[in-house]
Structure formats: C-alpha cells, structure tokens
Amino acid sequence: MNNFVQRVILFFIGIPALLASILLFPNQPLPLWNLLVVIFSGIAGSEAALLFRPELKKQEVILSGLTIALLTASAFFELIFQAFEFVIPTLIILLLFLLIPVALAGLKDLPSLIAGTVSRIALLAYPGMFLIFLVKISSLQYPRLKILLFLTLIFSNDTFAYLAGRSFGKRSRHPFAVSPNKTVAGFIGGFIGSAAAGSLFLFLAPEALPFSLPTALPFFFLIACTANLGDLVESACKRAAGVKDSGRFMLGRGGVLDSTDSVLFSAPFFYYIVLLFCR
C-alpha cells in the first residue's frame, strides 16, 4: 500500500473520528476529545523518548509514554474537578520520582543516570507541557468552536504550505538546514492559507473569537508562525536521531509526533491569547 493510499484512508477515517470527538456530548469538558488527547499524548511521549534515547528498552519507552499521558490527564482532571489544581502537583511528583534515583546512586553510575534523568525531564517539557494546552483549550468559552478554529488554522497552514512548496518551491530558498525540503514559498503559502481559512471561519462563526477581523489577522499569523516552529523543532529532533519519522502509528504520516508537531508550540499561544481577550 503506497503512501498516497494510506493518507487517503487516514483522511476518511481520521477526520470523521476527530470531528466526532469534538462535536459529540454537548457539555464541557468534551470527554471524547480530551480522552483522545490523553491517548495520543502517551504515544507521542513514547515516540519522543525514542528520539531522545534510541537505546531505550521497550518497557522504558512504554513508561515514558504513560508518564506523558498522566501529565496530560492531570489537565483533564482539572476541568472535571475545577476546585483543585492537578497539573502542578502531578509535575512535582513526577519530578521527584525522576530525581530520587539520582540522589541514591553510586558514583560509578552517576554520569549515565544523570544523562537519562535529564532526557526524561526533557520529555515532561517536550512534548508533555505543550500537549496539556490541547486540553486547556476545551475549557474556553465556546470550546467546540475554539478547537475547530485552532485545527483549521493548523491544517490550512500545513496544506497551503505543501501546495505552495510543490508549486513554487523549485525557485524559492530553502532556509532551514534541519528541514531542507521547506521553502520560503511554502511558508508564505502557509501564512496566507491560515489567514484565509481563519477569516472565513470567523465570518461564518463570529462568536468563535472576541476579535474583529483586522485584530484577528495578526493572531492567525502568530499561530501559523508557532506551528512552523513546532514542525522545525521536531524535524531537528528526528535529524539528530537519524530517523525519517518519529513512528509508524499514523498511516502515511509516520508517528503521532509527526502529526502533532505543529500544534505543540501553537496551542499555548492560542490558549493564552484567547483567554486574555475573553476576560
């Protein structure tokens, strides 16, 4: 089965499933969406662990994924039990469990143990702390519209960047060594795509954002910029690990981390900017 057929199958299965997770169940905290985020964050965490440390054993990879899934789930618990904060205590407990072996280690094992501990702590930041904002977006007013707008901005940026790169990339500069296939033409096409798709979404559903269109356009460009940054960071991680894809979970698209890299850096910006202007 070639790559194109796999992508078509993923599109006709994945998109309806994604929409169902957002649109089903009328009330917050959007349980299907957040359950999907928790599951996929665990897979992305396992993939990131292998990128950072390819020598990890299978049980260590699984444990890394469970750690990231637990961190993301703690953000979901905050939505369910709004009177208590879960993310920070969960993060502190996870850090303690990671650091206790360092304190008890012998001098001979200390260098390798510290190196392993640092990589595990890095996982809590990337992708862990970034992924929790996919849950936090569902706590905003009109959460379905917010999530759909966010995904529209990300997917339109990726799609138009691909189309512009294919159409005009041969005559354009390739400015990034970590991702040599990306071109200036592709980036410009992505920005235009995000701005156009976001503007159309805002016209059809003005309650999605408390912005006028002139105010929203810089916001759309910012989300496109951070989406590109997330893609470049993941490309750098893969290049350092010497692999083409982070995994094989997504048909035709590699791993879950390959499919979520664009949302990692853009989700916090989307959440905090909307939160600021919604007050």
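User: Is Cys-225 buried, exposed or partly exposed?
Analyst: Happy to start there, noting that this is a predicted model, where local features need pLDDT of at least 70, side-chain atom pairs count only at pLDDT 80 or more, and totals for chains, interfaces and linings use all residues. Residues are numbered from 1 along each chain as its sequence is written, and side-chain values use heavy atoms, leaving out hydrogens and water. Buried means under 20% relative accessible area, exposed over 50%, and partly exposed in between, with a 1.4 Å probe and protein chains only. Cys-225 has a relative accessible area of 39%, so the residue is partly exposed.

User: Why is Cys-237 in no bond with Cys-225?
Analyst: A disulfide is a pair of cysteine sulfur atoms within 2.5 Å, and by this rule the count comes to 0. The closest cysteine sulfur to that of Cys-237 is in Cys-225, too far for a bond because the separation is 20 Å.

User: Which helix gives the most to the largest nonpolar core?
Analyst: A nonpolar core is a set of buried Ala, Val, Leu, Ile, Met, Phe, Trp, Tyr and Cys residues joined through side-chain atoms within 4.5 Å. The largest one has 59 residues, and Trp-33, Phe-150 and Phe-270 have the most contacts inside it. With 9 residues, the top contributor to this core is helix α9 (residues 256-278).

User: What is the mean confidence in helix α3?
Analyst: Confidence here is pLDDT, the predictor's score for each residue from 0 to 100. The protein chain averages 87. Helix α1 (residues 3-23) is lowest at a mean of 69, while helix α3 (residues 58-80) is highest, at 94.

Terms used
Helices (H or I, at least four residues) and strands (E, at least two) are DSSP runs, numbered from the N terminus.
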